[in-house]
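Thanks for coming, everyone. Let me put the model up on the screen, and then we'll walk through it together.

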Amino acid sequence: MAAAAAAVPSGGVHLLYPRPWFRNLRSTARSLSVIAESSRIHHAEELSSTAETPEPPTTTITVKNAAPYYPKRGQMVELVCESLAYKGKGLCKVDGTGFIVMCDRALPGEKFIGRVTRKKDNYAEVKKVKSISPHWDLVEAPCEYASHCGGCKTQDLLYEAQVRSKEQQVRELIVHVGKFSNKDLEYHGIMKPIVPCDIQFHYRNKMEFSFGTKRWVPEELLQQEFHEPNIYPLGLHAPGFFDKVLNVNKCLLQSDPANKVLAAIQDIWRNPEFSLSPYDVHSHLGFLKHLMLRTGRNVDTGQPELMVNFVTSSYQPELLKPLVDKISTFPNVVSIMNNVNTSVGNTSVGEQEHTLFGKPTIMESLRGLKFQISANSFFQTNTHQAEILYKLIEDCYCLKGDGSEIVLDLFCGTGTIGLTLAKKAKHVYGFEIVDQAVTDARRNANLNGICNATFVQGDLNKIGDNFGEYFPKPDLVITDPNRPGMHMKLIKFLLNLKAARIVYVSCNPATCARDLDYLCHGVPDKNMEGCYKLKSIQPVDMFPHTPHIECVCLLELQ
Ligand SMILES: C[S@@+](CC[C@H](N)C(=O)[O-])C[C@H]1O[C@@H](n2cnc3c(N)ncnc32)[C@H](O)[C@@H]1O
């Protein structure tokens, strides 16, 4: 494994000379409109539960000199990938027409044949059928599943090229969805260079695998190798399928102790003597749904500690006993949990939780504080890079440190950001929807002897006009929403609140760009005026080899 990891160079992104393709990424107007359009689709998908939030603006751009082009479903096209865009998809143009085509797993510079699978008004999606010449910055992907697994999409792209592309995506979204001028971003130093992740494998502290009844074998492997498609899989979902699972014996993104546990479970769970059946998502029969592995750290010894969580459709501990007996002998396993989820949905959060071995939580430390993590609580999944992210947040907000300031921590999860600020603040008020996370946040405050933090359970998409009565006017607002971004009610609240500074931490640059636009430029059709000035945007790579991008943005009241 060490050799495999070494094949991918680390860090150093700012020292490399940009390749010609990167300069070409001063993209044409047309490609930008597609990226903006992509973000609109994204919102439509993800905001279905928050119907009142308007979709982000799309950029209407006239395409100069583009011949009309009407690809048909099933048509084969030869393409060259220009750059990476939304969800890490390759952005290509049909030669001579400028028509935009998006392709999963096409990487910059790659020439390939694609089959049109989906057609929209102004772009199409293709599936790569054959690669003609490889992409620039090709490296050998160390993981055997890299070209099929839905987790990593860009393992075979040089890490420096991955982060350059992420930085460029953020810039384009901020300009075209957020409506900030590229010139301002450059000349006022608003757009900061991306912070790469210097650990590019084994960085995830949490992985969730699914048990399945249908093993997914990629088309190209069906012919090449001997496969036993009837063997039940335990692994990751095939991209786009909720009922097909790619069997995975080892994942290079999770810790070594977690991989040892995964391998041990793979070895024995199909043994007919144990009568363990995978849950069938169609018939709703079967027992084993998911296997969640979380890696923490014993804060006294520094040794990894592992939580193994079996998600099952019913409570039958006697069935799990052979697995528990085996993995409880592993020195790092300190907790074996069973979440029982009787619903037909795919979620791993159980209605009941049982401790089968050891303790119900594991420990982790972040910015000098201790955190107790339960099976279902949110915790930053890359602990190493979270240290760097939180330091950036700390540097960004510049609390005076005299204990006079009030901090509002929105979407606080288990309270990690707020608690790391508490020592410098007068009081921290955290709001979070998940009950268990709020319980954890309170426990974490106690664990660290922090008395000036209050955590409240509540839905920030449903705040009433009296929301501001729950806390004194804050000097600083931290907002860290999940992928759909902030609801319009919350935007409106923040525009009326007029806190001196907002630090917006985002895991989705498209919704982040939309919300920054609202906070800075207002929402004309709601008669809301913007009152913030964007001071900085700092992209951070928390998840190498995946399309995910984190950003820390500082806004100041104008
Ligand atoms: C990206 S996480 C941030 C967590 C935390 N700030 C941290 O750094 O660990 C987003 C959090 O928002 C919470 N959340 C999602 N929707 C919410 C809502 N409508 N109201 C309140 N909290 C919500 C999620 O449960 C999750 O804990």
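So, which residues come nearest to the ligand, of those around it? They are Phe411, Gly413, Ile433, Leu460 and Asp480, out of 19 residues around the ligand. A residue is near a molecule here if its C-beta atom, placed from the backbone, lies within 6 Å of it.

Quick housekeeping before I go on. This is a predicted model, so local features need pLDDT of at least 70 and side-chain atom pairs count only at pLDDT 80 or more, while totals for chains, interfaces and linings use all residues. Residues are numbered from 1 along each chain as its sequence is written.

Back to the ligand shell. It divides into eleven nonpolar, five polar and three charged residues. For that split, Ala, Val, Leu, Ile, Met, Phe, Trp, Tyr, Cys and Pro are nonpolar, Asp, Glu, Lys and Arg are charged, and the others, Gly among them, are polar. Helix H10 (416–422) and strand E16 each put at least two residues into the shell. When I say helix or strand, I mean DSSP runs numbered from the N terminus: H or I with at least four residues for helices, E with at least two for strands.

E16 takes us to a sheet. What is the strand order there? Reading across, it's E17-E16-E15-E18-E19-E21-E20, an open sheet of seven strands with mixed pairing. Two strands pair, by the way, if DSSP finds at least two bridges between them. At the edges sit E17 (453–457) and E20 (532–540), each pairing on one side only. From one strand to the next the twist averages 15 degrees. Helix H11 (residues 435–447) packs on this sheet and touches E16 and E17, with its direction at about 170 degrees to that of E17. Those angles run from 0 to 180 degrees between N-to-C directions, and the axes are lines fitted to C-alpha atoms, for helices over the stretch in contact.

Zoom in on E15 (residues 406–410) and E16 (residues 427–432): they're parallel, with five bridges. If you want a register marker, Asp409 stands opposite Gly430 in E16.

Now for another sheet. This open one has seven strands and mixed pairing, in the order E8-E7-E6-E9-E10-E11-E12. Its edge strands are E8 (245–247) and E12 (352–358), and here the twist averages 35 degrees from one strand to the next. E6 (residues 206–211) and E9 (residues 288–297) run antiparallel, joined by five bridges, and Met207 stands opposite Leu293 in E9. Helix H7 (residues 256–268) lies across E6, E7 (234–237), E9, E10 (304–312) and E11 (333–340), at about 155 degrees to E9.

Let's talk burial. Buried residues make up 46% of the 558 residues in the protein. Buried means 20 or more other C-beta atoms within 10 Å of the residue's own, exposed means 12 or fewer, and partly exposed is in between, with C-beta atoms placed from the backbone. In soluble globular proteins, nonpolar side chains tend to be buried together. In this model, the largest nonpolar core has 138 residues, and Val101, Val261, Ile393, Val503, Val552 and Cys553 touch the most other members. A core like that is a set of buried Ala, Val, Leu, Ile, Met, Phe, Trp, Tyr and Cys residues joined through C-beta atoms within 7 Å. Take Val552: leaving out residues up to four places away in sequence, its contacts include Leu389, Ile393, Val503 and Gln538. Contact means C-beta atoms, placed from the backbone, within 7 Å.

Two spots to check on the backbone. What is the phi of His284? It's positive, about 60 degrees, although His284 is not a glycine. His284 is in the loop between H7 and E9, and it counts as exposed because it has 11 C-beta neighbours inside 10 Å.

Then there's Arg367, in the turn of the hairpin that E13 and E14 form with two residues between them. Its phi is near 50 degrees, again positive in a residue other than glycine. With 17 C-beta neighbours inside 10 Å, Arg367 counts as partly exposed. The hairpin strands, E13 (residues 361–366) and E14 (residues 369–374), are antiparallel over six bridges, and Leu366 stands opposite Leu369 in E14.

That's my tour. Any questions?

Key. Two residues are in contact if their C-beta atoms, placed from the backbone, lie within 7 Å.
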